[in-house]
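Student: I would like to learn how to read a model of this kind feature by feature, with the general idea given before each case. Could we go through it together?

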Amino acid sequence: MNKNLMMSVLLVSVLAACSSKPVKEEPAAPVVDKSSSSQAAAPAAAPKEAAPTAAPTTTSTVAVNPLTDPNNILSKRNVFFDFDKDEVKAEYRPLVEAHAKYLVANPNAKLAVQGNADDRGSREYNLALGQRRAAAVKKVMNVYGASDKQIETVSYGEEKPRCTEQAESCWSQNRRADIVYAGE
Amino acid sequence: MLKKALYCSLIFLTVVFGKAEAALDIEIVGGAAQQIPIAVVPFAQTVSQNDSLAAIISADLRRSGLFRALETRGVVNQPHELAEVKFSDWAALQAQALVIGKVEQQVNNRLKVSFRLLDVLKQSPLAGLEYDIAPSQLRMTAHKIADVIYEKMTGEKGVFATRITYIVKQGNRFQLQVADADGGNGQTVLSSTEPIISPSWSPDGTKLAYVSFEKKKPVVYVQSLVTGQRQVLANFKGNNSAPCWSPDGSRLAIVLTYAANSQIYLINADGTGLHQLSHSSAIDTEPEWSPDGKWVYFTSDRGGSPQIYRMSTLGGDAQRVTFEGSYNVSPHLSPDGKLLTFIRREAGRFRVAQQELSTGQVQLLSDSAQDESPSFAPNGRMILYATNINGRGVLSIVSADGRTRQRLSEAGGDVREPAWGPWMN
C-alpha cells in the first residue's frame with residue numbers, strides 16, 4: 001500500500017477522533033492587546049463625565065475624552081525602561097501620576113499595566129522582568145493615591161514586541177509598560 | 001467594545017496532531033577529531049518508501065560527530081544479506097563497519113525491517129535485529145537501528161529514537177510541535193494565535209507542560225501526547241509560568257506572581273497541594289529539578305544580577321551556583337546531575353555555557369550571540385538550544401565536549417523554546 005495514502009488515512013482518522021472532543025476555550029479576555037496601537041485606541045466605554053483637571057478646558061458642549069485627547073497627558077500610555085531595570089525614570093513620573101490622579105477622580109475606572117521586555121536572554125526571566133516593570137508602575141500610581149482595586153498588572157515578557165529589529169533603537173521600545181484602560 | 005469582540009473572535013485555538021509541513025534540516029558546522037568510518041548500504045526494499053532508511057541512519061550517525069558516513073553509491077556489489085557481503089570491497093574503502101538490511105512487505109500490511117552491523121576488519125557480525133512495524137513507524141525504526149549501531153560502536157546509549165519539542169512562530173500563529181530528535185516527522189500538538197512558551201517533558205515522555213497566553217495572561221497547561229487532551233495546571237492571579245517536572249513525575253515546580261514578585265512554587269501533577277518554595281523579594285524563576293529530586297536549581301536576581309542558585313526541595317536557604325559574569329540564566333542539568341548548562345551574557349552576546357558542578361569550571365560551548373533554552377539529550381552527550389540566524393529562530397545542537405555543532409532549521413518559521421525529551425520504553 002502506498003505509504004502517503006496510508007499516512008493520510010491515519011491522519012484523517014486521528015483528526016476525526018480529535019474533532020469529536022474539541023477543546024473548549026473560555027472567552028476570558030480581561031485585557032485587550034494594545035501593544036501595537038495603544039495610542040490610536042478609541043475607548044467605546046469611556047466615561048461620559050467631564051474631563052478631570054488635567055484635561056484642557058473647552059467651551060464646546062461636546063465632551064472630550066481625556067484618555068484619548070492627544071493634547072492630554074492621559075493619552076500617553078507608555079513607560080520605557082533601561083536594560084534589565086524596572087525603575088520608573090523621572091521623565092515618566094508625570095505621566096504615571098496623571099493616570100493615578102485620573103483613577104482617584106474616577107473610582108469606577110480600571111486599568112491594566114502590561115509589562116514587556118526586549119527579546120534578549122531568557123523568555124522566562126523576561127516574563128518576570130515585565131511583571132516587575134508593571135508592578136513598579138503600579139507602585140508609583142499607589143503613591144499618588146490610586147487604589148489597588150483599580151489596577152491590574154500583567155506581563156507579556158518578550159512575547160509582544162512592538163519592534164523586531166536587532167538594534168538598541170528597537171530593543172528600547174520593547175522595554176516598556178503599557179497602560180490600558182478597561183473597555184479599550 | 002467592537003474592537004474587543006473582533007479581537008476575541010480572531011483567537012482561534014486548536015489541539016491537533018497534524019503532520020507539519022517542513023522538516024528540519026541538518027547542517028554540521030564542526031566535527032570531532034576521531035570519527036568511526038562506517039558504510040550504510042541502501043536497504044533492499046520491496047515497497048516504495050519516501051524515507052530511505054540508510055539515509056536516515058547515516059545522517060543520525062553523522063550528527064553525533066562520532067561517525068563518518070562513507071559514500072556507498074557506485075559500489076558495484078550492494079549487499080543486503082550476509083552471504084552477499086564482499087568484505088574486501090569495504091576494507092578497500094576503509095570502512096571500519098558496514099550496515100546492510102532490507103524492508104519486506106508482510107501479508108497484514110505491516111513491514112519487516114531487518115539489518116546487520118558488521119565488523120569489516122574481523123569480517124564478523126556485531127549486531128542484527130528484526131522489526132515488525134506499521135509503515136508509519138519506518139522513520140522511528142531507522143532511528144532505533146542507528147541507536148543500536150551507536151551503542152555497539154561507542155559503548156554508550158544513543159538518543160536518535162528520542163523526540164524533541166519546540167515552538168514555531170509562523171506569521172501570527174504559534175505552534176507547539178513534537179519531532180524526532182533529527183527534527184523530522186514534526187507533529188503539531190497545539191496551535192494558537194497567542195504566544196506559547198516553556199514546554200517541559202514529563203519524565204515518561206507522554207505529557208508536555210507549557211505556558212500559553214491564550215487567556216491574555218500566562219497560564220500553565222498539561223497536555224497528553226497520547227490523547228491530545230489537556231488541562232489547566234495553574235491559573236492563579238498574576239503570571240503562571242516556567243513549569244518543570246519532578247524526576248518521578250508526581251509534582252511540578254512552577255513560577256507564580258500570586259503574592260507579588262515571581263516566586264517558585266511546587267504543585268502536584270493533578271493541580272493540588274500548591275505551596276511556595278522560594279521566599280525572596282527578587283525574581284526567582286526557571287526552576288529545574290535535579291535528577292536525584294533533592295534540589296531545585298533556578299535563576300534569581302537576588303544578588304543584583306541574574307545568577308543561578310539552588311535550594312533544597314524541602315525549602316531553606318539558597319546557595320549560589322554561578323559566580324562569573326553578570327547574566328547567567330536558564331539552568332538545565334545533565335541526566336547524571338554533574339553538569340549544568342545555562343545561558344551566559346558576555347560582551348553583549350548570549351551563549352550556551354556549561355559548568356562542571358564539582359569544580360565550578362565553566363566552558364562556553366556555542367559561538368553565536370542570541371542563544372536560549374539549552375537542554376541535555378538523555379545520554380548527556382549533546383545540548384539542544386535555540387539561536388538566531390539572520391533574524392530567524394533556529395535550533396542547534398552542540399556536543400557536550402563543544403567539538404561538534406549542527407543546526408536544525410525549519411524553512412519559513414521562527415523556531416524557539418526547544419526541549420529534549422526522555423528515552424521512551
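Tutor: Let us begin with what counts as an element: helices, of at least four residues, and strands, of at least two, are DSSP runs numbered from the N terminus. With that in hand, and remembering throughout that this is a predicted model, we can place Ala347(B) in the loop between β25 (339–346) and β26 (349–356) of chain B.

Student: What is the sign of phi at Ala347(B), and is the residue buried or exposed?

Tutor: Phi is positive there, at about 50°, although Ala347(B) is not a glycine, and at 78% relative accessibility the residue counts as exposed, because the cut-off for that word is over 50%. Another residue other than glycine with a positive phi is Lys216(B), where the value is near 70°; Lys216(B) belongs to the loop between β13 (207–212) and β14 (219–224) of chain B, yet Lys216(B) is buried, with a relative accessible area of 2%.

Student: Which residue takes a positive phi in the hairpin of β28(B) and β29(B)?

Tutor: That is Gly380(B), with phi near 75°, in a hairpin that has five residues between its strands. The strands themselves, β28(B) and β29 (residues 382–389) of chain B, pair in the antiparallel sense over three bridges, and in β29(B) the bridge partner of Ser375(B) is Leu384(B). Strand β28 (residues 372–376) of chain B is mostly covered, five of its five residues being buried.

Student: Why is one side of β20 and of β23 of chain B left without a neighbour in the sheet?

Tutor: Consider the order of the strands before anything else: four of them form an open sheet, β20-β21-β22-β23 (chain B), with antiparallel pairing. Since β20 (284–289) and β23 (319–320) of chain B stand at the edges, each has a single partner strand, and so one side of each lacks a neighbour in the sheet. Within this sheet, six bridges join β21 (residues 295–300) to β22 (residues 307–312) of chain B, and Thr299(B) stands opposite Ile308(B) in β22(B).

Student: Which residues are in contact with Asn328(B), leaving aside its neighbours within four places in sequence?

Tutor: They are Thr299(B), Pro306(B), Gln307(B), Ile308(B), Thr322(B), Phe342(B), Ile343(B) and Arg344(B). Asn328(B) is found in strand β24 (residues 328–333) of chain B and is buried, with a relative accessible area of 0%, while a polar atom of its side chain lies 2.7 Å from the backbone oxygen of Glu324(B).

Student: Which element gives the most to the largest nonpolar core?

Tutor: In soluble globular proteins, nonpolar side chains tend to be buried together. Here the largest such core has 29 residues, and those touching the most other members include Phe43(B), Leu53(B) and Ile149(B); α4(B) gives the most to this core, with seven residues. Apart from it lies another core, of 26 residues, among them Leu74(A) and Phe81(A).

Student: How far apart are the end C-alpha atoms of helix α2 of chain A?

Tutor: They are 18 Å apart, which agrees with the 18 Å that the 13 residues of α2 (residues 93–105) should span at 1.5 Å a residue. Its buried residues include Leu95(A), His99(A) and Tyr102(A), and what covers the buried residues of α2(A) includes α3 (123–143) and β3 (151–157) of chain A.

Student: Where in chain A does pLDDT stay under 50?

Tutor: That holds over residues 1–58, and for chain A the mean pLDDT is 77, with 66% of its residues reaching 70 or more.

Conventions: Residues are numbered from 1 along each chain as its sequence is written. Chains are lettered from A and ligands numbered from 1 in the order in which they are written. This is a predicted model: local features need pLDDT of at least 70, side-chain atom pairs count only at pLDDT 80 or more; totals for chains, interfaces and linings use all residues. Side-chain values use heavy atoms; hydrogens and water are left out. The expected span of a helix is 1.5 Å times one less than its number of residues. Buried means under 20% relative accessible area, exposed over 50%, partly exposed in between (1.4 Å probe, protein chains only). Contact means heavy atoms within 4.5 Å. Two strands pair if DSSP finds at least two bridges between them. A nonpolar core is a set of buried Ala, Val, Leu, Ile, Met, Phe, Trp, Tyr and Cys residues joined through side-chain atoms within 4.5 Å. pLDDT is the predictor's confidence in each residue, from 0 to 100. A polar contact is a pair of N or O atoms within 3.5 Å; within protein, one must be able to donate a hydrogen and the other to accept it, and residues adjacent in sequence count only if both atoms are side-chain atoms.
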